[in-house]
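Trainee: I would like to learn how to read a model such as this one, feature by feature. Could you take me through it slowly?

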Amino acid sequence: MDILRRILDSIYLLSGVLAALCLIAILSLIVIQMVARWTGEVFAGAPDYAGYAMAAASFLAFASALNRGAHIRVSILLNAVP
């Protein structure tokens, strides 16, 4: 059972890292789109890609946040229960 817990923890950590990379991708897409607008170019599809990255970041971060007790509702529950 201990080995299963370690495997799951590593999967949760990996999903958290992937979620962070998705957030960095969103930042990069926004900056690239800003630069493209300043130079008069059009970066078609950037909002779509940013939306996909946001959805991926949200779903990938769920398991890691719940495992660490960092989810807002988990924090509220832990603070309310003695």
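Trainee: Which residues are buried in α1?

Mentor: Please keep in mind throughout that this is a predicted model. A residue is called buried when its relative accessible area is under 20%, and in α1 that description fits Ser15, Ala19, Cys22, Ile26, Leu29, Gln33 and Ala36. The cover over these buried residues of α1 includes α2.

Trainee: Why would buried positions in a helix recur at such intervals, as a general idea?

Mentor: An α-helix has 3.6 residues a turn, so residues three or four places apart point the same way.

Trainee: What span should α1 have, and how far apart are its end C-alpha atoms?

Mentor: The helix α1 covers residues 2–38, and at 1.5 Å a residue its 37 residues should span 54 Å, which agrees with the 54 Å between its end C-alpha atoms. Just after α1 comes Gly40, whose phi is positive, at about 85°.

Trainee: How many helices and strands does the protein have?

Mentor: There are 3 helices and 0 strands, so that, reading from the N terminus, the order of elements is α-α-α. Of the 82 residues of the protein, 15% count as buried, while the accessible surface comes to about 6400 Å², with 72% of it belonging to carbon and sulfur atoms. If one takes the contacts between residues at least 6 apart in sequence, 64% of them join residues at least 24 apart.

Trainee: Where does Ala50 lie, and which residues is it in contact with once its neighbours within four places in sequence are left aside?

Mentor: Ala50 has its place in helix α2, and its relative accessible area of 16% makes it buried. With the neighbours within four places in sequence set aside, Ala50 is in contact with Ile26 and Leu29, both of which are listed among the buried residues of α1. You can also follow the C-alpha atoms, since those of Ala50 and Ala25 are separated by 7.6 Å although the two residues are 25 residues apart along the chain.

Trainee: Is Ser64 buried or exposed?

Mentor: Ser64, which is found in helix α2 (residues 46–68), counts as buried because its relative accessibility is 11%. Not counting residues up to four places away in sequence, Ser64 touches Tyr12, Ser15 and Gly16, and of these Ser15 is one of the buried residues of α1.

Trainee: How many salt bridges are there, and what should I look for when reading one?

Mentor: The idea is to look for a side-chain nitrogen of Lys or Arg within 4 Å of a carboxyl oxygen of Asp or Glu, and by this rule the count is 2 salt bridges. In one of them the side chains of Arg6 and Asp2 meet, with 3.5 Å from N to O, and these two residues lie 4 residues apart in helix α1, about one turn of the helix. Arg6 is exposed, with a relative accessible area of 53%, and Asp2 is exposed too, with a value of 52%.

Trainee: What distance separates the closest N and O atoms of Arg5 and Asp9?

Mentor: Those atoms are 3.2 Å apart, and Arg5 thus forms a salt bridge with Asp9. Arg5 and Asp9 are again both in helix α1 and 4 residues apart, which is about one turn of the helix. Here Arg5 is partly exposed at 38% relative accessible area, and Asp9 is partly exposed at 31%.

Trainee: Which residues make the nonpolar surface patch?

Mentor: The patch is made by Leu13, Leu14, Val17, Leu18, Leu21 and Ile24, and its area is about 540 Å². One of these residues, Leu14, is found in helix α1.

Trainee: How is a pair of aromatic rings described?

Mentor: Such a pair is described by the distance of the centres and the angle of the planes. The structure holds 1 aromatic pair. The rings of Phe59 and Phe62 have centres 5.4 Å apart and planes at 85°, and therefore the pair is edge-to-face. Phe59 and Phe62 are 3 residues apart in helix α2, separated by about one helical turn. Phe59 counts as exposed at 62% relative accessibility, whereas Phe62, at 40%, counts as partly exposed.

Terms used
Residues numbered from 1 in each chain as written. Predicted model: local features only at pLDDT ≥ 70, side-chain atom pairs only at ≥ 80, totals over all residues. Heavy atoms only, no water. Buried < 20%, exposed > 50% of the residue type's maximum accessible area, 1.4 Å probe, protein only. Contact = heavy atoms within 4.5 Å. Patch = residues over 30% accessible without salt bridge, like charges linked within 9 Å, V, L, I, M, F, W, Y side chains within 5 Å. Areas by Shrake-Rupley, 256 points an atom, 1.4 Å probe, with all protein chains shown as cover. Phe/Tyr/Trp six-rings, centres within 6.5 Å; stacked < 30°, edge-to-face > 60°. Expected span 1.5 Å × (residues − 1).
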